[in-house]
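Student: I would like a close look at one small part of this protein. Please start there and then work outward.

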Amino acid sequence: MGACWSSRIKAVSPSSTGFTSRSVSRDGSDSCSNSRNSSSSIPITPRSEGEILQSANLKSFSYNELRTATKNFRPDSILGEGGFGSVFKGWIDEHSLVPTKPGTGIVVAVKRLNQDGFQGHKEWLAEINYLGQLHHPNLVKLIGYCLEDEHRLLAYEFMSKGSVENHLFRRGSHFQPLSWNLRMKIALGAARGLAFLHSTEPKVIYRDFKTSNILLDTNYNAKLSDFGLARDGPTGHLTPKSDVYSFGVVLLEMLSGRRAIDKNRPTGEHNLVEWAKPYLSNKRRSFRVMDTRIEGQFTPNRAQRAAALAYQCLAVEPKFRPNMDEVVRALEQLQDSKETPKSADKKEHRRQGPGLSHHPKGFPASLKDSAGDAAPVKTAYPRPSASPLFA
Ligand SMILES: Nc1ncnc2c1ncn2[C@@H]1O[C@H](COP(=O)(O)OP(=O)(O)OP(=O)(O)O)[C@@H](O)[C@H]1O
Ligand SMILES: [Mg+2]
């Protein structure tokens, strides 16, 4: 829930709602189901609200339909809450999309904009504009929307495993720590989603990459949600490399199991990036950032390579960050390598960290950033747009 309301609203201007049609120049992943709604490249023209809603090829729900689907927005069907409003579980018929009895048809997640004025309208429209046009296995599917009187709602495919934030940071019997393999699978899926956004013409800069916006389906496939802050780019200060920085923050959260900002940690450890960077830049010490709850599930070599990737993404100078295609390749290679952790690895972790002499190829070559540089963080969740460093 990091994005504060005011920063979201300020960030959304008519151009940021993406009043454009786009063509996908290149596939962001190896899947074949990426698409947009129209088949040819369409000139970039400002589009009215009516045009966006019409061309999005989404179901237009009445308020009553979504009220019925969610059992009158019953509090016990709330899936989560964010800056936009509450998200409810609902049921609709798979073909006609009309509300059905709970337990029949398909499950949807219905997001209802808080009704304190029309502040979130632009975000709501941006979501429809982007998700109405962009389709990819690593983007959450928008099924429809409701625009009726003061009501603004969105209906999405239901992501049964919820958000990565819940899995990483919620404690309790319901949420077991995610395994190393699942973390890497999720990182790869999310990276593919971003790579896809950066491959469209014009490029989409997502601007809200954080663990609560990465949703998981039954098989832990990651899908990006929330396009309210997304913008067409690049523009002067806004380039795909700002998403790469955010990816680095999230990758670090996944490796460490720590939140980007955590005031409950000891002094000096509140800011994850500041605390971790000196370790990440040093092969022998990178094991120190790893989540102790999954110790023994990864080889030192893999941990080093993942840490090095996070370090590269977190380079203060955008030009030293990899692009998302390179990140995807690095994560694919990490998954492809056949090594399995030996029990000896665990001992070695405790003793001195990853045994570099045994894994000479641990780090990707281009660690050009200087060690110890920490990006200033001004918001609860560090995001590139919050800092002049993230041009
Ligand atoms: N399609 C979905 N399927 C299942 N759960 C969902 C879905 N969309 C959202 N949720 C749940 O609802 C929560 C709230 O989502 P929402 O996007 O409104 O806020 P957020 O991402 O947590 O915070 P922010 O407003 O800062 O983006 C999510 O964290 C997730 O747990
Ligand atoms: Mg969200």
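Student: In which loop is Pro202 found?

Tutor: Pro202 is found in the loop between β9 (200-201) and β10 (203-205). Keep in mind that this is a predicted model. Look at the peptide bond just before the proline. The bond that joins Glu201 and Pro202 is cis. Its omega is about -5°.

Now look for another bond of this kind. A cis peptide bond also joins Gly233 and Pro234. Omega is about -5° there too. Pro234 lies in the loop between β13 (231-233) and α7 (240-256).

Other loops hold backbone features of another sort. Follow β13 back to the loop that links β12 (222-224) with β13, and you find Asp226. Its phi is near 75°, a positive value in a residue that is not glycine. Is Asp226 buried or exposed? It has 27 other C-beta atoms within 10 Å, and the cut-off for buried is 20 or more, so Asp226 is buried.

Compare that with Asn72. This residue is found in the loop between α3 (63-69) and β3. Its phi is near 60°, again positive in a residue other than glycine. Asn72 has 10 other C-beta atoms within 10 Å, and 12 or fewer counts as exposed, so Asn72 is exposed.

Next, the strands. Strands of a sheet pair through backbone hydrogen bonds, either parallel or antiparallel. One open sheet here has three strands, in the order β8-β11-β12, and the pairing is antiparallel. Its edge strands are β8 and β12, since each pairs on one side only. Two bridges join β8 to β11 (residues 214-216). In that pairing, Ser163 stands opposite Leu215 of β11.

Strand β6 (residues 142-148) shows both kinds of pairing. With β2 (residues 59-60), β6 pairs in the parallel sense over two bridges. One bridge partner to find is Gly144 in β6, which goes with Lys59. With β7 (residues 151-157), β6 pairs in the antiparallel sense over six bridges. Here Glu148 has His151 in β7 as its bridge partner. β6 and β7 form a hairpin, with two residues between them. Asp149 sits in that turn, and its phi is positive, about 50°. Why is β6 described as largely enclosed by the rest of the structure? Five of its seven residues are buried, so the rest of the structure encloses most of the strand.

Then turn to the ligand. How many residues surround ligand 1? There are 24, and the closest are Gly80, Gly82, Gly83, Ala109 and Ser212. The elements that give two or more residues to this shell are β3 (78-81), β5 (106-113) and β8 (162-163). β3 gives the most, with three residues. You have met β8 already, as an edge strand of the three-stranded sheet. By type, the shell divides into 11 nonpolar, 10 polar and three charged residues. It also draws on two domains. At least three of its residues come from each of domain 1 (9-157) and domain 2 (162-367).

What about the interior? In soluble globular proteins, nonpolar side chains tend to be buried together. The largest nonpolar core in this model has 98 residues. Ala155, Ala191, Leu251, Ala310 and Val327 touch the most other members. Helix α6 (residues 180-199) gives the most to this core, with 12 residues. Like the ligand shell, the core takes at least three residues from each of domain 1 and domain 2. Pick Leu251 and trace its contacts. Leaving out residues up to four places away in sequence, Leu251 touches Ala187, Leu309, Ala310 and Cys313. Ala310 is itself among the residues that touch the most other core members.

Finally, step back to the whole protein. It has 11 helices and 13 strands. Of its 391 residues, 49% are buried. Take contacts between residues at least 6 apart in sequence: 73% of them join residues at least 24 apart. Then return to where you began. Find Pro202 in its loop between β9 and β10, and check the cis bond from Glu201.

Notes:
Residues numbered from 1 in each chain as written. Chains lettered and ligands numbered in written order. Predicted model: local features only at pLDDT ≥ 70, side-chain atom pairs only at ≥ 80, totals over all residues. Helix = DSSP H or I, 4+ residues; strand = E, 2+ residues; numbered from the N terminus. Pairing = 2+ DSSP bridges. Near = placed C-beta within 6 Å. Nonpolar A, V, L, I, M, F, W, Y, C, P; charged D, E, K, R; others polar. Domains from an automatic or database assignment. Core = buried A, V, L, I, M, F, W, Y, C linked by C-beta atoms within 7 Å. Contact = placed C-beta atoms within 7 Å.
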